[in-house]
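Colleague: I would like a close look at a single part of this model, worked through carefully and set in the context of the chain around it. Could you take me through it in one connected account?

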Amino acid sequence: MRADTERKVRKFIEDNFLFREDRAAIDDGESLIDAGLIDSTGVLELVAFLEGEFGLRMADAEIVPENLDSIRAIVRYVESKDAVAA
Amino acid sequence: MRVEQFLRDSAQRFGDKVALVIGDARVTYRELDRASDRLAGALAARGIVRGDRVIVFMDNCREAVIAIFAALKAGAVFSPINPSTKADKLAYVINHCGARALITQDKLRAVASAALADAPSIALTVVAGAREPILSNAVSFEAALAADGAPPVSPGIDLDLAMLIYTSGSTGFPKGVMMTHQNVVAAATSITTYLENTADDVILNVLPISFDYGLYQVLMAVKVGATLVLEQSFAFPQKIFAKMKAERVTGLPLVPTMAAIILQMRDLQPNDFPHLRYITNTAAALPPAHIARLQALFPSARLYSMYGVTECKRCTYLPPQELARRPGSVGIAIPGTEAYVVDEHGARVAPGVVGELVIRGAHVMKGYWNDPEATARALRPGAFAWEKVLHTGDLFRADADGFLYFVARKDDIIKTRGEKVSPKEVENALYALPGIREAAVVGVPDPVLGLALKAVVAADPRAKLTAHDVIRHCARHLEDFMVPKLVEFRDALPKTESGKISRRLVAADSLEPAA
């Protein structure tokens, strides 16, 4: 389950953000903002993806770097929502 | 009056007051004044003299604010450059204005270093936060501040240039807007007058200070002795709102994209920000529905719809009490200036007639650096023989009471995310991608961006280019806001009778909204 979540999140980031940069990969813990991969409209796209893909509804208070600023943080956040829903 | 006097006066009046809040750091007016004195001393000691151009290539950080005032105190002319600028464009700007110094920061060292290889005019590079080894021949920003330098006693007069602001030109090459100290003081005085700014204001700025709207938040806050909360981005609005509450922010400058993001939030409540006194919007008009919803969310705040061009900083503002009656208007000339609509002969037209907006005032630029032809097109003789007025290149009309309405641009410049993009500049980058035979860049309506950039290209099928390939190529050669969001491949692009690719015909075929 976790591996599946991580695969989907990583694919989305790579398909939508990473390809813009002059680099081949991103570490799980790397800050997407500091790396220049996402900006304010990128965050909107990321939220729309997570809500559509994982059936979540993100409250404003959840749209924070602690939940969204690295692949690891995103996976942890999605898994925590799954745990609540289960 | 010169611009650095804003800082000297505020340091004199409010020495211990917080001038800047950046992350967890607070900088007082006295500290900002002293730090910029020292950096100015370091610049002067290393040969920077009156009139030299100094590039400030930094993000929204404390050091950028110090660098701007230090350059002015040294008698130099600063030019702020967007931190997402790539090396070839940075080198172009440096060479275009013959800059003598570059002030940057460690995270931008790779781009700076690549640009410096092609920029022989740079005699001094200053790097903030540098890890060892710093760029060759560079000076550490921190070491420069530690030395007890002092700026020259007489850096110049207020007719000297204060700054060069590079803005997109329809030719595809950016133009350097020349602003004297007098121009900047006139614009800052006019704007702070109608916004009724005082030392009690706390202004939160997330706009890049390389962009004149963001830059003026710094200059105007310092002018009135207000506190400026400087943030890097609007990526996480919740963080910004928490900061607004904690710092009791009174002023919030927006562009329409930020307003659209705010209005997508679900849990904001009216009266969450009782201290907020005003919101400003510029770059493009807000849709009337957004105006109504912003007013409902921020009932304590007056909303100013404004309009400007880099060439005079700000043209018009709508007094907030007029907003309900004329939500589509960007108002009247800012205090102490004139704004009017003319026909192709320069004669004023009647209300309701569409013509070009012309601006007259002490805030109008002196011209474009080293570009007399473009300057002659923008600054033209006005009603009086002894002066020139600014032709904005924007089509406007006025209502019967003289309130102004934006109609369209005369050229092909596209406004996206609040920034001006020359389609030609993006097309030039596209043509550098092997396999691209024809390219046109157009704006398509987007609910958040205003207009989203769309690249319409005809490619050699053997190159097997994908949309990702095209966007990646652009991202490596252009600033972030110039990178197309959408790519469409066609066999051929529509041409005019003379065989030139027609952006207008391309756009007519591309009107479906962005995904």
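Modeller: What follows looks at one strand pair of chain B, then at the domains, and lastly at one loop residue.

Please keep in mind that this is a predicted model. The part I would pick is strand 25 of chain B, which spans residues 436-446 and is mostly covered, with eight of its eleven residues buried. Its partner is strand 26 of chain B, residues 450-459, and the two run antiparallel, joined by ten bridges. Between strand 25 and strand 26 of chain B lie three residues, and together the two strands form a hairpin; within this pairing, B:Asp446 stands opposite B:Gly450, the latter belonging to strand 26 of chain B.

Turning to the wider chain, the domain assignment divides chain B into domain 1 (4-156), domain 2 (186-409) and domain 3 (414-508). The centres of domain 2 and domain 3 of chain B, taken over C-alpha atoms, are 29 Å apart, and eight residues of domain 2 are in contact with eight residues of domain 3 in that chain. On the side of domain 2 of chain B that touches domain 3 of chain B, seven residues are nonpolar and one is polar, while none is charged.

As for the loop residue, B:Gly499 sits between strand 27 (486-489) and helix 15 (503-508) of chain B. B:Gly499 counts as exposed because it has 7 C-beta neighbours inside 10 Å, where 12 or fewer is the limit for that class. Its C-alpha atom is separated by 57 Å from that of B:Ser154, which is 345 residues away along the chain.

Key: Residues numbered from 1 in each chain as written. Chains lettered and ligands numbered in written order. Predicted model: local features only at pLDDT ≥ 70, side-chain atom pairs only at ≥ 80, totals over all residues. Buried ≥ 20, exposed ≤ 12 C-beta atoms within 10 Å, placed from the backbone. Helix = DSSP H or I, 4+ residues; strand = E, 2+ residues; numbered from the N terminus. Pairing = 2+ DSSP bridges. Domains from an automatic or database assignment. Contact = placed C-beta atoms within 7 Å. Nonpolar A, V, L, I, M, F, W, Y, C, P; charged D, E, K, R; others polar.
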